[in-house]
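Okay, thanks everyone for squeezing in. I'll put the model up and then talk you through it.

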Amino acid sequence: MPPLTIVLTALVLGVAAVVLSGWMRKVAAEESWWLGIGLHVLLAGFGGAGAAALARNELELVAFGGLALALALLAVIDLATFRLPDVITGPTYLFFYGALVAAAATTDGWGQLGRAAAGGAVLLVVYFVLAFINPAGLGLGDVKLAGILGGFLGWFGWLHVLSGTLAAFLLSGLVAIVLLVTRRATLKTEFPFGPWMIAGAGVGVLWAGGPT
């Protein structure tokens, strides 16, 4: 997408995040420092710029842009409450995969859509197994989020699915080590995994490059 589109998308999503600030706090249903510093606005803006940079047509822009906004809200709520609310995750599934179907229909990208669906299914199963083995480390919210991120990464390629998944665990591990070394956490301290899944997906796309 042209530079102007990238800038405008970032601005539009940033404004949308501002408008949704009150609703986000209502969904979180808890008071937290994370909810009041405007981090979701910054994340939505950066996500919008990334969405426009990745999109090759208007329907991809709609899919990636809507996903970026939802992920910005989910990341901040997870940091604040250790939850990924279904009221955001559920509609995001419908919106994102619906937009991918429309994009595939207009570009004859059915193979790409099938790979996205398979990527989402694979990560859904993998995270479900991990959550079953270690329910203290991963929750069902993380499992549901994996199904969305797997679809996003799968739209670009299987290497992206692998890279994005590995990046999520690497980033989470690095953060945990830093917190332990600085004594801001112990081995029993819990912290949300959703934001690192989201960051890992972004890193995975950048790491593995464009669509394959």
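I'll go through the pockets, the cavity, the salt bridges and a surface patch. One thing up front: this is a predicted model.

Let's start with the open spaces. The largest pocket comes out at about 600 Å³. It has 24 lining residues, and the ones closest to the centre are Leu43, Gly47, Leu71, Ile198 and Gly202. If you want to find the walls on screen, look at α3 (39–54), α4 (58–81) and α9 (194–208), each of which puts at least two residues into the lining. How does that lining divide into nonpolar, polar and charged? We get 21 nonpolar residues, three polar and no charged.

Now, the second largest pocket, at about 500 Å³. Here 21 residues make up the lining, with Ala136, Gly137, Leu138, Phe191 and Phe193 closest to the centre. Helices α7 (140–156) and α8 (158–181) each bring at least two residues to this one. By class, the lining of the second largest pocket has ten nonpolar, seven polar and four charged residues. So hold the two linings side by side: no charged residues in the largest pocket, four in the second largest.

Next, the closed space. How many cavities of 30 Å³ or more does the structure hold? Just one, with a volume of about 60 Å³. The residues lining this cavity are Leu123, Tyr127, Ala146, Leu149, Leu153, Gly164, Thr165, Ala168, Met197 and Ala201. In terms of elements, α6, α7, α8 and α9 each give two or more of those residues. The cavity lining splits into eight nonpolar and two polar residues, with no charged ones.

On to the charges. As general background, side chains of opposite charge can pair when their charged atoms come close. Searching the whole structure turns up two salt bridges.

One joins Arg56 and Glu60, with 2.7 Å from N to O. What's the burial like on each side? Glu60 has a relative accessible area of 2%, so Glu60 is buried. Arg56, on the other hand, is at 48%, which makes Arg56 partly exposed.

The other salt bridge pairs Lys144 with Asp86, and the closest N and O atoms are 2.9 Å apart. Lys144 sits in helix α7 and Asp86 in helix α5, so this pair ties together parts that are 58 residues apart in sequence. Lys144 counts as partly exposed at 30% relative accessibility, and Asp86 is partly exposed too, at 45%.

While we're on helix α5, which covers residues 86–107, have a look at Pro91, which lies in that helix. Pro91 has a relative accessible area of 44%, so it is partly exposed. The C-alpha atoms of Pro91 and Ala70 are 9.3 Å apart, with their positions 21 residues apart along the chain.

Last stop, the surface. There's a nonpolar patch made of Val125, Phe128, Val129, Phe132, Ile133 and Leu140, and together they have about 670 Å² of accessible area. Which helix gives the most to the patch? That's α6, residues 110–133, with five residues. Take Phe132, which is found in α6: why does Phe132 count as exposed? Because its relative accessibility is 67%, and the cut-off for exposed is over 50%.

That's my tour, so over to you for questions.

Definitions and conventions:
Residues are numbered from 1 along each chain as its sequence is written. This is a predicted model: local features need pLDDT of at least 70, side-chain atom pairs count only at pLDDT 80 or more; totals for chains, interfaces and linings use all residues. Side-chain values use heavy atoms; hydrogens and water are left out. Patches are made of residues with over 30% relative accessible area and no salt bridge: like charges are joined within 9 Å, nonpolar side chains (Val, Leu, Ile, Met, Phe, Trp, Tyr) within 5 Å. Accessible areas come from the Shrake-Rupley method with a 1.4 Å probe; for residues, only the protein chains shown count as cover. A salt bridge is a side-chain nitrogen of Lys or Arg within 4 Å of a carboxyl oxygen of Asp or Glu. Helices (H or I, at least four residues) and strands (E, at least two) are DSSP runs, numbered from the N terminus. Buried means under 20% relative accessible area, exposed over 50%, partly exposed in between (1.4 Å probe, protein chains only). On a 1 Å grid over the protein atoms alone, a cavity is a set of points where a 1.4 Å probe fits but cannot get out, and a pocket is an open set with protein on both sides within 12 Å along at least five of seven lines; lining residues have an atom within 4 Å of a point. Grid points are joined across faces, edges and corners, and a volume is the space filled by probe spheres set on the points. Ala, Val, Leu, Ile, Met, Phe, Trp, Tyr, Cys and Pro count as nonpolar, Asp, Glu, Lys and Arg as charged, and the others, Gly among them, as polar.
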